[in-house]
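Here are some exercises to work through with the model open beside you. Try each task yourself before reading its solution.

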Amino acid sequence: MSYSLTSDRLLGNIGSDAEIADLFSADADVRAMLLFETALAEAQAAAGVIPQGAAENIGVYLSSFTSDLENLALGVGRDGVVVPALVAQLRAGLGADVAEFLHYGATSQDVIDTSLALRLKAMADILLGRIAVLDSKLVDFKRMDGNRPFMARTRMQDALEITLADRIEIWRRPLDDRGRRLAVLQEGLPVQFGGATGTLDKLGKAGACVRAELARRLGLVDPACAWHSDRAVIADWGHALALLTGALGKMGQDIVLMAQTGVGEVAITGAGGSSAMPHKSNPVNAEILVALARMNATLVAGLDQSLIHEQERSGAAWTLEWMILPQICVYAGAATRIASRLLDQTVFNL
């Protein structure tokens, strides 16, 4: 068993999601960092901070640059962050008259946080598309079977008769809310650009102009200040994704109970088997949704610890984000993927 379901060769179908995981790969991270450095040079040239020719040379060079990932990994072991080694590799391939203008006025956190923002934006597109598919499947259930009578249960005891549509709406409404939350977060993703101490001291009066232009070129929001030590952005994403997996976990828990022997309100085609009891049909995918919801609820509590940044920047709190947030993202992706599979397997027996 691996230390993480997101990378385990046996358990990956439970907790991994290749499409989301790819956004948190080293290659994707470096690609986004190169986008930052290119856009930064262009924004600074537009503001007259660096020569236009230097920005053009930087853009051409970075468009075909291939990093030495092994060297970058060694750099992370030494510096705790990848940017010093990456900038050294980039500058080594530029002429001396251009190299000094690469990464001008920026700090490692500007590059890393903006890379993350760009990848979260791409992830939101994926998740919002999947939520729309889930909603469509639930609407189809309502159309086909929604008028059928159904016993509501409160505190796991028979309550009053409702319709199946009423139960399905209990699943749909939270998903709609989670989609709207993700869309708002995606629309508000900020660029990070504050320089060494968050004050853009090296750029003087041009700093605010450069940050606004950098945000525009990257399709991000100008936050009007650095958020080096204010990590609410990161916590908000963790919370939103935990809420998403929680909504899917609630649906999974309901389906587990509906499929229970003696209840039989749903049948799950292609359900899981048992090595000792061939007669069993286990609601595996529904159970996985519950487990992923509980895992993300646990992880988000750890992510909130990263809100505590001492002074202008914290290495420890920042590193904690890298350990936790990608797992939350991948588990949320896995939950949307598995939920879609579960709905395809579900047949109502009312």
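**Exercise 1. In which strand is Thr-346 found?** Then decide whether Thr-346 is buried or exposed, and list what surrounds it.

Solution. This is a predicted model, so take what follows as a reading of a prediction.
- Step 1: Locate the residue. Thr-346 belongs to strand 4, which covers residues 346-348.
- Step 2: Check its accessibility. The relative accessibility of Thr-346 is 6%, and buried means under 20%. Thr-346 therefore counts as buried.
- Step 3: Follow its side chain. The side chain of Thr-346 comes to 2.8 Å from the backbone oxygen of Leu-342.
- Step 4: Look further along the chain. Setting aside neighbours within four places in sequence, Thr-346 has contacts with Phe-141, Ile-255, Val-266 and Ala-267.

**Exercise 2. Get an overview of the chain: how many helices and strands are there?**

Solution.
- Step 1: Count the elements. The chain has 13 helices and 4 strands.
- Step 2: Frame the C-alpha atoms. Along the principal axes, they fill a box of roughly 75 × 40 × 35 Å.
- Step 3: Ask how much is covered. Of the 350 residues in the chain, 49% are buried.
- Step 4: Turn to the surface. The accessible surface is about 16400 Å², and carbon and sulfur atoms hold 55% of it.
- Step 5: Consider the contacts. Among those with a separation of 6 or more, 76% join residues 24 or more positions apart.

**Exercise 3. Describe the setting of Gln-89: which helix holds it, and which side chain does its own side chain meet in a polar contact?**

Solution.
- Step 1: Find the helix. Gln-89 sits in helix 6, residues 83-92.
- Step 2: Judge its exposure. Gln-89 counts as buried because its relative accessibility is 15%.
- Step 3: Find the polar partner. The side chains of Gln-89 and Asn-71 are joined by a polar contact of 2.8 Å.
- Step 4: Add the other neighbours. Not counting residues up to four places away in sequence, Gln-89 touches residues including Tyr-61, Phe-65, Ser-67 and Asp-68.
- Step 5: Move to Asp-68 itself. At the start of helix 5 (residues 69-79), a side-chain oxygen of Asp-68 lies within 3.2 Å of the backbone nitrogen of Glu-70.
- Step 6: Go to the other end of this helix. Gly-80 follows helix 5, and its phi is positive, near 85 degrees.

**Exercise 4. Explore the two largest pockets: which element gives the most residues to the lining of the largest pocket?**

Solution.
- Step 1: Start with the space. The largest pocket holds about 900 Å³.
- Step 2: Find its centre. Of its 31 lining residues, Phe-24, Ser-25, Asp-29, Trp-322 and Pro-326 are the closest to that centre.
- Step 3: Name the elements. Two or more lining residues come from each of helix 3 (26-46), helix 5, helix 8 (108-145) and helix 13 (315-345). Helix 13 gives the most, with 8 residues.
- Step 4: Sort the lining by class. It has 19 nonpolar, 8 polar and 4 charged residues.
- Step 5: Repeat for the second largest pocket. Its volume is about 380 Å³, and the closest of its 15 lining residues to the centre are Arg-153, Met-156, Arg-167, Asp-254 and Leu-257.
- Step 6: Name the elements here too. Strand 1 (149-154), helix 9 (164-187) and helix 11 (232-258) each give two or more residues, and helix 11 has the largest share with 4 residues.
- Step 7: Sort this lining as well. The second largest pocket has 7 nonpolar, 2 polar and 6 charged lining residues.

Notes. Residues numbered from 1 in each chain as written. Predicted model: local features only at pLDDT ≥ 70, side-chain atom pairs only at ≥ 80, totals over all residues. Heavy atoms only, no water. Polar contact = N/O pair within 3.5 Å; in protein donor to acceptor, adjacent residues only side chain to side chain. 1 Å grid on protein atoms, 1.4 Å probe; cavity = no way out; pocket = protein on both sides within 12 Å on 5 of 7 lines; lining within 4 Å. Points joined across faces, edges and corners; volume = space filled by probe spheres on them. Nonpolar A, V, L, I, M, F, W, Y, C, P; charged D, E, K, R; others polar. Buried < 20%, exposed > 50% of the residue type's maximum accessible area, 1.4 Å probe, protein only. Contact = heavy atoms within 4.5 Å. Areas by Shrake-Rupley, 256 points an atom, 1.4 Å probe, with all protein chains shown as cover.
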